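Reader: I have the structure open and would like to know how the descriptions of it are justified. Can we go through some of them one at a time?

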Amino acid sequence: MAETPLAARPPYSEPRQQHDAAMMGMYLFLGSEIMLFGGIFAVAAVIRILHPADIVESSRALHYLIGALNTGVLLTSSFFVASAVEATKGGRRRAGATWLAAAAVAGLVFLVVKGYEYGAEYREGLLPLPGADTQFRTAPQHLFMNLYVLATGLHAIHLLIGIVLLSVLAPCLAFGKVRLPDRGILIIAAALYWHLVDVIWVFIYPVFYLAR
Amino acid sequence: MTDTALPQPESSNFQNEGLSETGTERVSYLRAGHSLSSWLLTTDHKRIAILYLIAVTFFFFIGGTAAALIRLDLLTPQGDLLTNEGYNRAFTIHGVIMVWFFLIPSIPNTFGNFLIPLMIGAKDLAFPKLNLASWYIFMAGGLFTLFVLIAGGVDTGWTFYTPLSSMFAHGSVVLAAVAVFIAGFSSILTGLNFIVTIHKLRCPGMTWRRLPLFVWSIYATSIILVLATPVLAITLVLIAAERLFGLGIFDPALGGDPLLYQHLFWFYSHPAVYIMVLPALGVASELVAAAARKPIFGYQFVAGSSIAIAIIGFLVWGHHMFVAGQSMYASAVFSFLSLAVAVPSGIKVYNWTATLYKGHISLDPPFLFAMSFIGLFTVGGLTGLILAMLAIDVHVHDTYFVVAHFHYIMVGGTVSAFFGALNYWWPKMIGRTYSLVWGRLSAILIFLGFNLTFFPQFLLGYLGMPRRYHVYPPEFQLLHVFSTVGAGLLGVAYVMPFAYLYYSMRYGTPAGFNPWGATGLEWTVPSPPPKHNFETIPVVDSLPYQYDVELEEDHG
């Protein structure tokens, strides 16, 4: 079911050029996202150097098995997204949409598990939210948990954006709103974003949970 | 100015009350749609450039008004005009508006937008809709900032230093941080758009070695925009989290480190200085080559030095923190790297000078602005070297010496280049020439007014007048009065270009394709350019700046 490719839109002269430009734009955007999270990782490195013993102790208090489960969920979702891209490239709309939907569901599972984890930490007095009754043995542990909330929260917001993106794209792909192959770039770019959010988690997990 | 084959206004239009329109203008981008929505929903890079020009001019005068308040308050040693709080708020408005809503977007977003597709032979930027979106994001951020700064008031200065900003400051720090955060997205999207455009949309034959130097400098700027701005974004998020949710990251009571905030902030904000000045350096290269009517001397070095400045610029942020308590070994490294930035900057200045040597120079307004830029940038750069020396910095840190230094770079450099660019490309953008006499006069007055305003501040700083104070010992008053008088002159001189350029829109003579006789693809299309820039995509077969050299007679 190959559809006829349309001519490139201005300012481009050929579809290939347009595709390359879109890919380059996406990679640059992802580069700027890496710099955004880079700030968080820089702070994590600094407070660890300032207070090594306290940070190790705080890290031990986190539920690393729940984090491991979530890491597995996200990696699986990345596989779903990669499959969606392959299906889209082959012009298989229904399969592509199904894979996208599966990835979005996996993303939701991640958020539900994360919410459960936050709940457990809240009850244990580990989550420094406003109004929470927290018990920290030392001040740097409080500092570490502040950063933990910010890092995982910022990641969750990115994931939420990804879920919305895939949920919108999946029906568009299924019902032919996305012209293939020339607008398949939408699926590819969304997939790249999803992978990046996944990769950021792959760094957050060891830095916070396994830094013991 | 060469005046060969100027398209004359059509005689049928002379009876009209309004503009006498030339045939070129009738098919230009300016006349492609007259409704408000044809401007506000345009994806034409040239129209978006005009939107940015209007916006940054507006913010420039807002920031300038705050500067006028500051200077008037400093006329007397007691600070009679403003309260302490009011003074702090005034310099915060001045800093925030001028840095994020004038200096950073000024040259890239107006002239970069307008010129990059024209210079590289493209029909538009790579992502035209994104370009429009970034204007809206910019406006949203800018107007929100203005509202917060005036209605709420922020007294932290543009640097939002912790723990002042996170624990002690009154006013709407969080809202101001949100507003700057929003504007940052506009920066990132614009930078991204420029990089992709320069990579993917060059016309056949436009190789990297044939790119105009302005494009090189915007390319270097865009790299900084994309890589540094997100770090500012996360830093502002951390401040907002501390104020809103008590999630202290820099809070010393929790073992956090306020110095870490400064590291993160300057990791963005020092490269941001180069975001502000690199486009100005690119403008100067264009203006110098056009005025000297010679190929630019050492093209590869001028182009490469832009990239070198962008790279080294990422490694010098610690020179803002020499007396903040960072390790002296770190300071020594930062000091060395800061001195190293002088090398590519010096290459540019020397190469411009060499380009001018025996050039056939025309004393047009753009050239006068370029000369003013080079002179002021050199003074600013040399005093930058003084400040990069550890021992001297301890003496003059946080004094007016620093204020004078960065105003020589930012205002003397970037604003001069902005006006130079405006005067040089105005006939291209609008299609009309303006009064050269008024242009020269305003260039000279801006130069004089600037020096009268800021040179006394070097002396003040050297004598020990600290920054951010509005009550000072009476012996400093004379120099402050000089500075305020200079600011008044500068204010008048800044209004002049807008007056004569506005006048030229209505009464200027049609400019023709190439009023300055300059090289470059932007001068091969009509002024103002048609909606899609080029009838057919051009093919480039030679190096840039191929002027026919007209050497002066060699007497003796």
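**Reasons behind the labels**

Author: This is a predicted model. In H10(B), the buried residues are B:Tyr299, B:Val302, B:Ala303, B:Ser305, B:Ser306, B:Ile309, B:Ala310 and B:Gly313.

Reader: What makes a residue such as B:Tyr299 buried?

Author: A residue is called buried if 20 or more other C-beta atoms lie within 10 Å of its own. B:Tyr299 is counted as buried, so it meets that cut-off. The buried residues of H10(B) pack against three elements of chain B: helix H8 (213–245), helix H9 (258–292) and helix H11 (328–356).

Reader: How do you know that the length of H10 of chain B is close to the expected one?

Author: The expected span is 1.5 Å times one less than the number of residues. H10 covers residues 299–313, which is 15 residues. From first C-alpha to last it reaches 21 Å, and the expected value is 21 Å, so the two are close.

Reader: Why is H8(B) called roughly antiparallel to H9(B)?

Author: Their axes cross at roughly 165° and come within 8 Å. Angles over 145 degrees count as roughly antiparallel, so H8(B) and H9(B) get that label. Their crossing is left-handed. The residues of this contact divide into 23 nonpolar, 6 polar and 1 charged.

Reader: How many residues of chain A are in contact with chain B?

Author: 33 residues of chain A are in contact with 33 residues of chain B. On the chain A side, H1(A) gives the most, with 19 residues. That side divides into 22 nonpolar, 9 polar and 2 charged residues.

Technical notes
Residues are numbered from 1 along each chain as its sequence is written. Chains are lettered from A and ligands numbered from 1 in the order in which they are written. This is a predicted model: local features need pLDDT of at least 70, side-chain atom pairs count only at pLDDT 80 or more; totals for chains, interfaces and linings use all residues. Helices (H or I, at least four residues) and strands (E, at least two) are DSSP runs, numbered from the N terminus. A residue is buried if 20 or more other C-beta atoms lie within 10 Å of its own, exposed if 12 or fewer, and partly exposed in between; C-beta atoms are placed from the backbone. Two residues are in contact if their C-beta atoms, placed from the backbone, lie within 7 Å. Ala, Val, Leu, Ile, Met, Phe, Trp, Tyr, Cys and Pro count as nonpolar, Asp, Glu, Lys and Arg as charged, and the others, Gly among them, as polar. Axes are lines fitted to C-alpha atoms, for helices over the stretch in contact, and angles run from 0 to 180 degrees between N-to-C directions. Angles under 35 degrees count as roughly parallel, over 145 as roughly antiparallel, 65 to 115 as roughly perpendicular and the rest as oblique. A crossing is left-handed if the near helix is turned anticlockwise from the far one by less than a right angle, and right-handed if clockwise.
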